[in-house]
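Please look through the structure below with its packing in mind, beginning at a pocket and moving on to the interior and to one helix.

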Amino acid sequence: MNVLLLGGTAEARELARLLHAEGISVVTSLAGAVADLHPPQGTTRVGGFGGADGLAGYLRGQHVDAVIDATHPFAERMSANAADACARTGVPLLRLSRPSWAVHPDAASWHWADSIDQAREIAGGLGERVFLTIGRQSLAEFADWGDRFVLARVIDPPDIAIPASWTVLRARGPFRIDDELDLLRRYEIDVLVTKDSGGPTDAKLAAASELEVPVVMLRRPAPPDRVRLVTYVADVMVWVKGLRVGVAGQRRRSR
Ligand code: NAP
């Protein structure tokens, strides 16, 4: 059984390990935009497919039996392309998207934004000193924000000209709550702007709550229609094992 795993997340790495351990042939696909310090187990391919058409061609050419979309919850284009290509080729698709912070105990106290523009507008009304943890790619949309102080935390170096009033902090989570408290205090942060990535980088939310720093939370894009969605790696394994039985039966019958 050939599985294509769309990766770029810790969950995808964990899935690659588990599938490999089950003897299932898995190719992890990475966008390649950022340096990957922990390459996944098994085979990897790097770079875009060339849209949904390119992905559909890849699925046919490589005889892919199943696609697991374990990309980041904000990787909207890749997920849409996967949905389109799988619908066209008839290859089963499962979307793994880690639990949203919408169920976090403090979620009701946050300012939820449907777009970066809205997040900017809300944050602008909440304070002058902003902590941005929205990923490198979205920084450009905050770059023309006047001389407001911005602390921008990113994993890889930003590819925009950084305004003079900004401080860029390069760090990879998860983070400890004490360190997050220290950061918020040291930079006298008035407002935290982040996105609903879910997962283990939530110490900043606890720290913001403790210091009564308001949080602007960018809502996740909706997943593509008619795609089966799960939130845990274990659910993906159940799905794959179920499919493997079907694929093995089909192969026996076609011999
Ligand atoms: P995106 O906007 O949905 O995708 C842009 C394009 O990049 C896609 O159309 C595709 O190119 C290519 N691409 C994306 N993921 C790919 C993958 N796993 N394998 C091969 N090509 C891929 O995605 P993004 O938000 O730029 O994220 C890029 C990668 O970083 C994803 O793999 C994601 O899991 C990871 N990541 C994203 C975030 C985030 O906040 N967005 C955070 C952490 C990690 P083609 O159309 O040419 O196929």
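In this predicted model, the lining of the second largest pocket comprises, by class, eight nonpolar, three polar and four charged residues. The space inside this pocket amounts to about 230 Å³, and of the 15 residues that line it, Pro-73, Ser-97, Pro-221, Ala-222 and Pro-223 are the closest to its centre. Helix 3, which spans residues 76–89, supplies the largest share of the lining, three residues.

From the pocket we turn to the interior. In soluble globular proteins, nonpolar side chains tend to be buried together. The largest nonpolar core here has 20 residues, and those with the most contacts inside it are Val-3, Leu-5, Leu-15, Leu-19, Ile-68, Val-236 and Val-240. Two or more residues are given to this core by each of strand 1 (2–6), helix 1 (10–21), strand 4 (66–69), strand 5 (93–96) and helix 7 (233–254), with helix 7 contributing the largest share, five residues. Leu-5 may serve as an entry point: leaving aside residues up to four places away in sequence, Leu-5 touches Ala-12, Leu-15, Ala-16, Val-26, Val-27, Thr-28, Ser-29, Ile-68 and Ala-70.

Helix 4 (residues 116–124) can be read by its two sides. Its buried residues are Ile-116, Ala-119, Arg-120 and Ala-123; viewed down the axis of helix 4, these residues fall within an arc of 100°, and they therefore line one face of the helix. An α-helix has 3.6 residues a turn, so residues three or four places apart point the same way. The buried residues of helix 4 pack against strand 6 (111–113), strand 10 (191–195) and strand 11 (215–218), whereas the face turned away from the buried side carries the exposed residues Asp-117 and Glu-121.

Methods:
Residues numbered from 1 in each chain as written. Predicted model: local features only at pLDDT ≥ 70, side-chain atom pairs only at ≥ 80, totals over all residues. Heavy atoms only, no water. Buried < 20%, exposed > 50% of the residue type's maximum accessible area, 1.4 Å probe, protein only. Helix = DSSP H or I, 4+ residues; strand = E, 2+ residues; numbered from the N terminus. Arc of directions from axis to C-beta. Contact = heavy atoms within 4.5 Å. Core = buried A, V, L, I, M, F, W, Y, C linked by side-chain atoms within 4.5 Å. 1 Å grid on protein atoms, 1.4 Å probe; cavity = no way out; pocket = protein on both sides within 12 Å on 5 of 7 lines; lining within 4 Å. Points joined across faces, edges and corners; volume = space filled by probe spheres on them. Nonpolar A, V, L, I, M, F, W, Y, C, P; charged D, E, K, R; others polar.
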